[in-house]
Amino acid sequence: MAHDREISGIRCTQILAVLSDYLAGEVSQDTRVCIEAHLSECSWCEQFGGEFSAVVRQLRLRLAEPPPIGAAEAEAVLDRILL
Ligand SMILES: [Zn+2]
């Protein structure tokens, strides 16, 4: 993969590898924080996340909105997106 930036300690390729687990709520809290920090700054993941690109865009919008929503609410939002 030509593009593989490291942001917040996690690389784009790692993001794509764990994104399905992240969306399923199967990653640790530390991993979740790293993923969200990366996605909020990485336009590449947003544009080229493949099947997840729409989800990433929605997630970035949510992360940018104050006040931050809770994890349970975020997962409810993602469930609606994925259905
Ligand atoms: Zn990225």
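Which residues are buried in α4? Val55, Val56 and Leu59 are, and the points below start from that helix and work outwards. Keep in mind that this is a predicted model.

1. **The buried side of α4.** Viewed along the axis of α4, the buried residues sit within an arc of 95°, so they line one face of the helix. Turn to the face pointing away from that buried side and you find the exposed residues Ala54, Leu61 and Ala64. The cover over the buried residues of α4 includes α1, α2, α3 and α5, the last of these being residues 71-82. The length of α4 also checks out: twelve residues at 1.5 Å a residue should span 16 Å, and the end C-alpha atoms are 16 Å apart, which agrees.

2. **Leu59.** This residue belongs to helix α4. Leu59 counts as buried because it has 24 C-beta neighbours inside 10 Å, and the cut-off for buried is 20 or more. If you want a landmark from another part of the chain, try Glu46: 13 residues separate it from Leu59 in sequence, and their C-alpha atoms are 9.5 Å apart.

3. **How α4 meets α2.** The axes of these two helices are 9 Å apart, and the packing angle is about 95°. An angle of 65 to 115 degrees counts as roughly perpendicular, and α2 and α4 are therefore described that way. On the α2 side the contact is made by Glu36, Leu39 and Ser40, while α4 brings Val56, Leu59, Arg60 and Leu63.

4. **Ser40, on the α2 side of that contact.** Ser40 is placed in helix α2. Having 17 C-beta neighbours inside 10 Å, Ser40 counts as partly exposed. Leaving out residues up to four places away in sequence, Ser40 touches Arg60 and Leu63. Ile7 is 33 residues from Ser40 along the chain, yet their C-alpha atoms are separated by 9.8 Å.

5. **The rest of α2.** Helix α2 covers residues 29-41; its 13 residues should span 18 Å at 1.5 Å a residue, and the end C-alpha atoms are 19 Å apart, which agrees. Cys34, Ile35, His38 and Leu39 are the buried residues of α2. They take up an arc of only 125° around the axis, which puts them on the same side of α2. The face turned away from this buried side carries two exposed residues, Gln29 and Asp30. As for partners, the buried residues of α2 pack against β1 (6-7), β2 (10-11), α1 (12-23), α3 (43-48) and α4 (53-64).

6. **α1 follows a similar plan.** What is buried here? Cys12, Ile15, Leu19 and Tyr22 are the buried residues of α1. Their arc around the axis is only 80°, which puts them on the same side of α1. These residues pack against β2, α2 and α3. From first C-alpha to last, the twelve residues of α1 reach 16 Å, close to the 16 Å expected at 1.5 Å a residue. After α1 comes Gly25, with a positive phi near 75°.

7. **The core.** In soluble globular proteins, nonpolar side chains tend to be buried together. Here, the largest nonpolar core has 14 residues, and the members that touch the most others are Ile15, Ile35, Leu39, Cys45 and Val56. At least two residues of this core come from each of α1, α2 and α4. The largest share, four residues, is supplied by α1.

8. **A backbone angle to look at.** Most residues other than glycine have a negative phi. Ser8 has a positive phi, near 55°, and is not a glycine. Look for Ser8 in the loop between β1 and β2. With 15 other C-beta atoms within 10 Å, Ser8 is partly exposed.

9. **The whole chain.** There are five helices and two strands in the protein chain, running β-β-α-α-α-α-α from the N terminus. Of its 83 residues, 19% are buried. Taking contacts between residues at least 6 apart in sequence, 44% join residues at least 24 apart.

Terms used:
Residues are numbered from 1 along each chain as its sequence is written. This is a predicted model: local features need pLDDT of at least 70, side-chain atom pairs count only at pLDDT 80 or more; totals for chains, interfaces and linings use all residues. The expected span of a helix is 1.5 Å times one less than its number of residues. A residue is buried if 20 or more other C-beta atoms lie within 10 Å of its own, exposed if 12 or fewer, and partly exposed in between; C-beta atoms are placed from the backbone. The arc is that of the directions from the helix axis to the C-beta atoms. Two residues are in contact if their C-beta atoms, placed from the backbone, lie within 7 Å. A nonpolar core is a set of buried Ala, Val, Leu, Ile, Met, Phe, Trp, Tyr and Cys residues joined through C-beta atoms within 7 Å. Axes are lines fitted to C-alpha atoms, for helices over the stretch in contact, and angles run from 0 to 180 degrees between N-to-C directions. Angles under 35 degrees count as roughly parallel, over 145 as roughly antiparallel, 65 to 115 as roughly perpendicular and the rest as oblique.
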